Amino acid sequence: MRRLCLLIILLTFLLTPELRAQMPAGSSQAILGIADSWDTSFVTISLVEKNASGQWVRVMGPIRGRLGNKGLVWGLGLHATPRGAVQKKEGDGRSPAGVFAIGGLWTTTKTPVRHHRGIPEVKVGPRDLWVSDPNTPKLYNRHVRLNHPATTPWELKEQMRQTDYAHSIKLLICHNTAETPGRPIVGAGSSIFFHIWRRDGAAPTAGCTAMAEPDLRALIARLDPARRPVYILLPRAEYTRLRAPWRLP
């Protein structure tokens with residue numbers, strides 16, 4: 001009987017993709033975003049790190065943040081998406097849930113953003129695009145730098161924002177990005193960043209994660225690429241359910 005039980009447990013583990021997901025090996029730093037439900041645009045954010053004993057401890061937060069205006073939905077990141085789950089689509093107004101690598105820094109602010117030198121920074125100008133148009137599959141969810149300032153209607157539509165305070169500091173959340181083989185998947189969501197919130201937090205985002213500028217700056221300053229930082233964004237019930245099998249903080 002004991003062997004049968006062990007076999008059932010093993011088969012369940014093998015046949016359930018979501019139970020095979022876990023934190024990346026060597027990751028010891030995580031931005032943890034917990035929402036009360038799938039349909040809220042409010043999130044509580046903490047920065048957690050492993051200490052010398054290998055225990056996760058909170059080193060920053062809790063921080064108030066805002067998500068997409070329609071809440072969350074499963075995104076494409078480092079995790080295995082549960083079978084049959086609804087996934088993010090372009091323009092759905094939801095923030096991608098799951099576990100994601102953290103990319104580079106994109107800025108237009110004149111005040112320097114303190115960050116680890118291992119995090120690349122792009123000074124965004126009039127030649128920089130981030131393509132969200134599904135009709136251009138080879139460019140979808142990618143940074144494109146033109147050899148001229150954006151001028152055509154398509155270029156201006158895809159141009160990274162130049163004078164928008166909320167987008168003056170942006171940290172890339174690697175949802176559906178080219179860092180993963182087979183991605184980006186066209187139409188599965190693009191241009192997901194951490195950025196400054198609007199109206200002091202009174203407004204949701206279109207799918208990004210936003211917070212007050214001092215909080216965003218402090219968060220970026222603490223990130224260390226050597227610790228393989230990730231962003232974990234989940235509704236509270238999913239976090240509780242997946243914490244052990246995914247080896248979450």
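On a 1 Å grid over the protein atoms alone, a pocket is an open set of points with protein on both sides within 12 Å along at least five of seven lines, and its lining residues have an atom within 4 Å of a point. Grid points are joined across faces, edges and corners, and a volume is the space filled by probe spheres set on the points. The model is predicted, so local features need pLDDT of at least 70 and side-chain atom pairs count only at pLDDT 80 or more, while totals for chains, interfaces and linings use all residues. Residues are numbered from 1 along each chain as its sequence is written, and side-chain values use heavy atoms, with hydrogens and water left out.

The largest pocket holds about 610 Å³ of space. Its lining takes in 29 residues, with Ser132, Arg161, His167, Ser191 and Ala206 nearest the centre. Helices (H or I, at least four residues) and strands (E, at least two) are DSSP runs, numbered from the N terminus. On that basis, α2 (153–158) and β10 (193–196) are the elements that give two or more residues to this lining, and α2 has the largest share, with three. Chemically it is a mixed bag: ten lining residues are nonpolar, ten polar and nine charged. Here Ala, Val, Leu, Ile, Met, Phe, Trp, Tyr, Cys and Pro count as nonpolar, Asp, Glu, Lys and Arg as charged, and the others, Gly among them, as polar.

The second largest pocket comes in at about 220 Å³. Of its 13 lining residues, Ala101, Ile102, Pro225, Arg228 and Pro229 sit closest to the centre. Strand β5 (residues 95–107) supplies the largest share, three residues. This lining divides into ten nonpolar residues, two polar and one charged. Arg228 itself lies in the loop between α3 (213–222) and β12 (230–235) and has a positive phi, near 50 degrees. With a relative accessible area of 43%, Arg228 is partly exposed; the bracket for that term is 20% to 50%, with buried under 20% and exposed over 50% (1.4 Å probe, protein chains only).

Turning to the strands, β2 (residues 42–50) and β3 (residues 56–66) pair antiparallel over eight bridges, where pairing takes at least two DSSP bridges. The two form a hairpin with five residues between them, and Gly54 in the turn has a positive phi of about 85 degrees. β3 also runs antiparallel to β11 (residues 209–211), joined by two bridges. Gly65 of β3 stands opposite Val43 and also opposite Met211 in β11. Strand β3 holds Pro62 as well, and the peptide bond from Gly61 to Pro62 is cis, with omega near 5 degrees.

A second cis bond, with omega near 5 degrees, links Arg183 to Pro184, in the loop between β9 (169–173) and β10. That loop also contains Asn176, a non-glycine residue with a positive phi, near 55 degrees. Asn176 counts as buried because its relative accessibility is 0%.

Met23, in the loop between α1 (2–15) and β1 (29–35), is buried too, at 8% relative accessibility. Its contacts (heavy atoms within 4.5 Å) include Trp56, Val230, Trp246 and Pro249. The C-alpha atoms of Met23 and Pro249 are 8.9 Å apart, although 226 residues separate them along the chain.

As for confidence, pLDDT (the predictor's confidence in each residue, from 0 to 100) averages 91 over the chain, and 91% of the residues score at least 70. Residues 1–15 fall below 50, with five contacts beyond near neighbours in sequence.

Definitions and conventions
1 Å grid on protein atoms, 1.4 Å probe; cavity = no way out; pocket = protein on both sides within 12 Å on 5 of 7 lines; lining within 4 Å. Lists of a residue's contacts leave out its neighbours within four places in sequence.
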